[in-house]
Amino acid sequence: MPSFDTVCEPNLVEVKNAVENTSKEIGTRFDFKGTSAAIEIKDKEITLFGDADFQLQQVEDILRNKMTKRNVDVRFLEVGKVEKIGGDKVKQVVKVRNGIESELAKKIQKIIKDSKMKVQASIQGDSVRVTGAKRDDLQAAMALIKKDVTDVPLSFNNFRD
């Protein structure tokens with residue numbers, strides 16, 4: 001039975017490289033000299049540090065730019081709230097999305113069910129498996145999912161014939 005998996009997986013190596021390049025640029029840029037502007041990554045959390053909200057915004061812009069250059073979709077980034085830390089310094093935590101949340105998985109399942117296609121969608125952990133009798137139906141399901149779910153960068157893998 002032909003099937004494929006719908007997943008939300010960033011290339012974490014490229015994300016790490018983008019963070020390191022951002023850190024290098026922060027170190028060399030004139031407008032960041034003598035400030036506490038910094039960026040670090042732990043697991044799937046990127047932490048931005050700065051003296052003010054404006055500086056955090058600049059660091060985030062640099063990060064988005066570096067990720068785009070490395071072909072990593074910026075929709076993987078889930079920007080958190082700005083928090084005050086000691087003195088007049090601020091930090092911001094940016095989470096890297098990995099895996100499809102149950103809410104989105106249910107939405108994908110509902111989209112496929114409502115389309116009246118001859119395919120079935122089942123939630124398997126943090127991915128959605130779509131199975132059908134014909135390859136053409138699966139390709140139509142892929143197109144439908146891409147069209148209806150635009151806020152999360154989804155990819156399709158494990159295509160079996």
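**Contacts, helix crossings and backbone in a predicted model**

Setting aside residues up to four places away in sequence, Thr 47 touches Ala 38, Ile 39, Glu 40, Lys 91, Gln 92 and Val 93. This is a predicted model, and Thr 47 sits in its strand 3, which spans residues 45–50. With a relative accessibility of 12%, Thr 47 falls under the 20% cut-off and so counts as buried.

Next along strand 3 comes Ile 46, for which the relative accessibility is 0%, so this residue is buried as well. Leaving aside neighbours within four places in sequence, the contacts of Ile 46 take in Val 15, Val 19, Ile 39, Glu 40, Ile 41, Leu 63, Leu 77, Gln 92, Val 93, Val 94 and Val 96. Ile 39, Glu 40, Gln 92 and Val 93 turn up in the list for Thr 47 too. Ile 46 can also be placed relative to Glu 78: the two are 32 residues apart in sequence, and their C-alpha atoms are 9.9 Å apart in space.

As for confidence, the mean pLDDT of the protein chain is 91, with 100% of its residues at 70 or more. Broken down by element, helix 1 (residues 12–28) has the highest mean, 94, and strand 8 the lowest, 88.

Two of the contacts of Ile 46, Val 15 and Leu 63, bring in another part of the picture, since Val 15 belongs to the helix 1 side and Leu 63 to the helix 2 side of the contact between these helices. How do helix 1 and helix 2 cross? Their axes come within 9 Å, at an angle of roughly 135°, and the two helices are therefore oblique to each other. The crossing is right-handed. On the helix 1 side, the residues involved are Val 15, Ala 18, Val 19, Asn 21, Thr 22, Glu 25 and Ile 26; helix 2 meets them with Val 59, Ile 62, Leu 63, Lys 66 and Met 67. Sorted by class, this contact between helix 1 and helix 2 holds eight nonpolar, two polar and two charged residues.

Helix 3 (residues 102–114) and helix 4 (residues 135–148) make another such pair, with axes that come within 10 Å and cross at roughly 125°. That angle makes helix 3 oblique to helix 4, and the crossing here is right-handed. Lys 107, Ile 108, Ile 111 and Ile 112 are the helix 3 residues in the contact, and they meet Leu 144, Ile 145 and Asp 148 of helix 4. By class, the contact of helix 3 with helix 4 has five nonpolar residues, two charged and no polar ones.

Back in helix 2, which runs over residues 53–69, there is Gln 58. Its relative accessible area is 19%, so Gln 58 is buried, the cut-off being 20%. Apart from residues up to four places away in sequence, Gln 58 touches Arg 29, Asp 31 and Phe 32. Thr 35, for its part, lies in the loop between helix 1 and strand 2 (38–42). Is Thr 35 buried, exposed or partly exposed? At a relative accessible area of 27%, Thr 35 is partly exposed. Neighbours within four places aside, Thr 35 is in contact with Asp 51 and Gln 55. From Thr 35 to Ile 62, 27 residues apart along the chain, the C-alpha separation is 16 Å.

Then there is the backbone. Most residues other than glycine have a negative phi. Asn 71, however, has a positive phi, near 60°. Asn 71 lies in the loop between helix 2 and strand 4, and its relative accessible area of 75% makes this residue exposed. Asn 158 likewise has a positive phi, near 60°. Where does Asn 158 lie? The residue is part of strand 8, residues 155–160, and with a relative accessible area of 33% Asn 158 is partly exposed.

Finally, Gly 86 is found in the loop that joins strand 4 (77–85) and strand 5 (89–96). At 59% relative accessibility, Gly 86 counts as exposed. Gly 86 and Ala 105 are 19 residues apart along the chain, and 40 Å separates their C-alpha atoms.

Key:
Residues numbered from 1 in each chain as written. Predicted model: local features only at pLDDT ≥ 70, side-chain atom pairs only at ≥ 80, totals over all residues. Heavy atoms only, no water. Helix = DSSP H or I, 4+ residues; strand = E, 2+ residues; numbered from the N terminus. Buried < 20%, exposed > 50% of the residue type's maximum accessible area, 1.4 Å probe, protein only. Contact = heavy atoms within 4.5 Å. Axes fitted to C-alpha atoms, helices over the stretch in contact; angles between N-to-C directions. Parallel < 35°, antiparallel > 145°, perpendicular 65-115°, else oblique. Left-handed = near helix turned anticlockwise from the far one by under 90°. Nonpolar A, V, L, I, M, F, W, Y, C, P; charged D, E, K, R; others polar. pLDDT = per-residue confidence, 0-100.
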